[in-house]
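Biologist: I want to learn how to read empty space and helix packing in a model. Can we go through one together?

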Amino acid sequence: NLFYTVMGILQWTLVEGAFIHLYKSGRLPYVDAMANPSVMLQTLVLSILLPSFRDVHFYFAHRFIHLRPLYKYVHSLHHRNTDIEPFSGLAMHPIEHLYYYTCYHPNLVLPLVGIVISPFLVFWMGAHLVISPACSHSGFEDHFSASTEHYLHHRFCDVNFAAGINFDAYFGTHKTTLPLPDNASESRELPPPPADPKSTLRLLPEHPEYVIGIALMVLWALKSYQTVPPLWVAMVISVGPTLWAVILALATAPKSLSLKKSFLAPFDKDSFGSLALHLGVGFVMGVLPATHLLYVFLQDFN
């Protein structure tokens, strides 16, 4: 968990570095947060609103990576923590870090519509992204940020996808208690928790074929970023991991598993409207912002 947490912090450092480069090069306009009372008020209001945007982003991006292909090859690493503790919060696959951090997107989009904001908001968002998972993954600890719901999410995997704004209550995936077994004794003892294997650094990756594919994408990008159109490179790095997971999942799915379940499980029984909403918004909010940031950043090197 510590290893993957450090990997996540390093990746966020790269994101901050990209934003600093964009600010310095003039590609992304900015204003000093203390420039005048109006900007100070704007920064204060956005500092309050951005965490709510993060709640929306987290829910849809999180549901998106629970699709069977991405869960199998990416998000399952995080879910090896069935008995969560603070350092399990940021213990994610690097591709999950890539999508988890994309709630920085308002900092890229707002200047495009004429709302120039302070770089402080990038760093404020980053602090929240890096620190808050430790709180929400502290299980039943007695503090104001403890999250019983997220503990249950790690126990059952298909409930409580939200953090903050309770989207689960609306979409029918909210759970607040552990179920009692049919043969529970009068003392109403809870069933024992499942195994908590966590991840290990002593063995080869669980899915080497996925890791090799991602490594080849990164190597190609490093070799080609100065000669290939920036959008292509950005798409390979951001969208490529999702497509590769889908291809592998469909190619290796058991014959007894339907095509729909191979791709959509555990949401294969959801309505078309729910699927369209979660897939569409999850992709737009979780994946495409990485394309946008990489595209803008790489334009200076092409």
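**Pockets, a cavity and crossing helices**

Modeller: Let us start with a pocket. This is a predicted model. The second largest pocket holds about 610 Å³ of space.

Biologist: How is such space found in general?

Modeller: Rolling a probe the size of a water molecule over the atoms shows where empty space is left. In this case, 31 residues line the second largest pocket. Nearest its centre lie Phe-58, Ser-136, Ala-162, Ala-163 and Gly-164.

Biologist: Which elements give two or more residues to the lining of the second largest pocket?

Modeller: They are α2, α4 (94-100), α6 (120-136) and α7 (148-156). The largest share comes from α2, with eight residues.

Biologist: How does the lining of the second largest pocket divide by class?

Modeller: Count 16 polar, ten nonpolar and five charged residues.

Biologist: Now the closed spaces. How many cavities of 30 Å³ or more does a search of the whole structure find?

Modeller: The search finds one. The volume of the largest cavity is about 60 Å³.

Biologist: Which residues line the largest cavity?

Modeller: Its lining consists of Arg-63, Phe-64, Leu-67, Phe-267, Ser-274, Leu-275, His-278 and Leu-279. Two elements, α2 (37-64) and α13 (272-286), each give two or more residues to this lining. The largest share is from α13, with four residues. By class, five lining residues are nonpolar, two are polar and one is charged.

Biologist: Why does the largest cavity lie between domain 1 and domain 2?

Modeller: Look at who supplies the lining. Domain 1 (1-178) and domain 2 (226-301) both contribute residues, so the largest cavity lies between them.

Biologist: Next, helix packing. What should I look for?

Modeller: Two packed helices are described by the angle between their axes and the distance between the axes. Take helix α9 (residues 208-224) and helix α11 (residues 240-252). Their axes come within 10 Å and cross at roughly 150 degrees. An angle over 145 degrees counts as roughly antiparallel, so α9 is roughly antiparallel to α11.

Biologist: Is the crossing of α9 and α11 left-handed or right-handed?

Modeller: The crossing of α9 and α11 is right-handed.

Biologist: What are the angle and the distance for α9 and helix α10 (residues 230-238)?

Modeller: The axes of α9 and α10 cross at roughly 160 degrees and come within 9 Å. That angle makes α9 roughly antiparallel to α10. Handedness is read separately. The crossing of α9 and α10 is left-handed, whereas that of α9 and α11 is right-handed.

Definitions and conventions: Residues numbered from 1 in each chain as written. Predicted model: local features only at pLDDT ≥ 70, side-chain atom pairs only at ≥ 80, totals over all residues. Heavy atoms only, no water. 1 Å grid on protein atoms, 1.4 Å probe; cavity = no way out; pocket = protein on both sides within 12 Å on 5 of 7 lines; lining within 4 Å. Points joined across faces, edges and corners; volume = space filled by probe spheres on them. Nonpolar A, V, L, I, M, F, W, Y, C, P; charged D, E, K, R; others polar. Domains from an automatic or database assignment. Axes fitted to C-alpha atoms, helices over the stretch in contact; angles between N-to-C directions. Parallel < 35°, antiparallel > 145°, perpendicular 65-115°, else oblique. Left-handed = near helix turned anticlockwise from the far one by under 90°.
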